[in-house]
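Me: I would like to understand the labels in this model, not just read them. Let's take them one at a time and set each value against its cut-off.

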Amino acid sequence: IFLFINFAFLVKYLSRVTAYFLVVSFALITIFYFVLKFRNKISVPKTSEKVIIYLVFFLFLVGSGFVFNKIPVETLNVDRWSVITSFWDNFFNDEYVYFANSTMGNPPGPMPFYYILALPFYAIGELGWYSVVGFFIFYFILKFSEKSNQILLFFLLLLLISPFYLWEIVTRSNIFLNASLVLFSLVLLLKTFQDENKKIFLNGILIGLLLSTRNVFVIPYIVTFLFVLKSKQISFRELLKIGVISIIVFIATFLPFVWNHFSDFFIMNPFIIQSGFLMPTELSMICVLISLEAFWLCKKGNDIYFFSGVFLLLPIVIHFIYQIIIHGFHETFFNSRADISYFILCLPFFVYYIIENEKVILKS
């Protein structure tokens, strides 16, 4: 899946610069395949690991700054930066935020906390640095999970040469960042559920805030809580407490933006926008219901990350099929009738699953 999504990005964007885009895409993704297959044969001296990691950080920051300086965001056909900008422009002009429109005429679809996270980068005038944070969050997740520097270095470098992530940086997108935050919350949840003090209040707040980014992230939490209930790591009463706190926090994130605009909220809100611009609500609900299968599918803790990725991938695949049936493949894929970037939602979960199973791979 990781290779296929990178291949899809290569095909779509190389098609704009060369007639041989399929050949080049196959060649590059073949190299990726062999790098992944023989990753255990790639190593650096242990004494150099930390130095190389810090060097990677430095070069990444310098390279990102160069890209932001040389590629004006206004010249790109991606308006995620503009959606954030128009949202906060409306807010500071005392206008209803969900009536905002980007430079491409798109309304702000994500939930409020998505924009709150982006506010510091809106304030400094470069939302590209918001995208860069995703790389460091993923690094922090690996450090928090006590992965070796060898594993850290390989997967950080793999991330930096992945077409989907290069696209994120250039276009100032932030899907990988948001998905990585949810991944971190799952890692943290599982860690706290193994202790007597399950930090009910803290976990409830964290889940409520992250659900207030994109509603599709309800899926990884369904997968996780079904597993911890099944494995008796948490009681139904504790789960209910976390759920109530999450809902209260989720609702609270809307209040600053709908205050004095309650009537407008019922005309336009992220629930209406997301059901209108992506899949019909009925199909979205079917995907959520399918994720309940995780109760039987998850056999061990690591399965949470795999099936979170699978059930996040499913709505996007259905969305693409839905659009292809209506508009045809060329219009859907090459002319962006469906947004290829949403495939990125599942990738942090799949990559982390691969990393979690690295010891098993080494033994085999």
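Me: Leaving aside its neighbours within four places in sequence, which residues is Arg172 in contact with?

Reply: The list is Val67, Phe68, Ile71, Pro72, Val73, Leu76, Arg80, Trp81, Glu126, Leu127, Gly128 and Ser131. Each is called a contact because heavy atoms come within 4.5 Å. Before we go on: this is a predicted model, in which local features need pLDDT of at least 70 and side-chain atom pairs count only at pLDDT 80 or more, while totals for chains, interfaces and linings use all residues. Residues are numbered from 1 along each chain as its sequence is written, and side-chain values use heavy atoms, with hydrogens and water left out.

Me: What makes Arg172 count as buried?

Reply: Its relative accessibility is 2%. Buried means under 20% relative accessible area, exposed means over 50%, and partly exposed is in between (1.4 Å probe, protein chains only). The 2% of Arg172 is under the buried limit, so the label follows.

Me: Where is Arg172 found?

Reply: Arg172 sits in the loop between α8 (163-171) and α9 (175-193). Helices here are DSSP runs of H or I with at least four residues, strands are runs of E with at least two, and both are numbered from the N terminus. In that loop, Arg172 has a phi near 60 degrees, a positive value in a residue other than glycine. Most residues other than glycine have a negative phi, and most peptide bonds are trans.

Me: How do you know that Arg172 forms a salt bridge with Glu126?

Reply: The closest N and O atoms of Arg172 and Glu126 are 3.4 Å apart. A salt bridge asks for a side-chain nitrogen of Lys or Arg within 4 Å of a carboxyl oxygen of Asp or Glu, so the pair qualifies. Arg172 lies in the loop between α8 and α9 and Glu126 in the loop between α5 (112-124) and α6 (128-144), so the pair ties together parts that are 46 residues apart in sequence. Both partners, Arg172 and Glu126, are buried.

Me: Which atom of Phe68 lies 3.2 Å from a polar atom of the side chain of Arg172?

Reply: That is the backbone oxygen of Phe68.

Me: How many salt bridges does the structure hold?

Reply: There are four. Another of them joins Arg80 and Asp339, with the closest N and O atoms 3.0 Å apart. Arg80 lies in helix α4 (residues 80-92) and Asp339 in the loop between α19 (329-333) and α20 (347-356), so this pair ties together parts that are 259 residues apart in sequence. Arg80 is buried at 8% relative accessible area, whereas Asp339, at 27%, counts as partly exposed. Arg337 also pairs with Glu331, at 3.6 Å between the closest N and O atoms. Arg337 has 42% relative accessibility and therefore counts as partly exposed; Glu331 is partly exposed too, at 27%.

Me: Why is Lys232 called exposed?

Reply: At 75% relative accessibility, Lys232 is past the exposed cut-off, so the name fits. Lys232 lies in the loop between α11 (218-230) and α12, and its phi is near 60 degrees, a positive value in a residue other than glycine.

Me: Is Glu168 buried or exposed?

Reply: Buried, because its relative accessibility is 0%. Glu168 belongs to helix α8 and, leaving aside neighbours within four places in sequence, touches residues including Ser131, Phe176 and Ile344.

Me: And why is Ser246 called buried?

Reply: Ser246 has a relative accessible area of 6%, so it gets the buried label. Ser246 lies in helix α12 (residues 236-252), and beyond four places in sequence it is in contact with Gly204, Ile207 and Gly208.

Me: Over which residues does pLDDT stay under 50?

Reply: Residues 360-364, for which the model has four contacts beyond four places in sequence. pLDDT is the predictor's confidence in each residue, from 0 to 100. The protein chain averages 89, and 95% of the residues score at least 70.

Technical notes: Polar contact = N/O pair within 3.5 Å; in protein donor to acceptor, adjacent residues only side chain to side chain.
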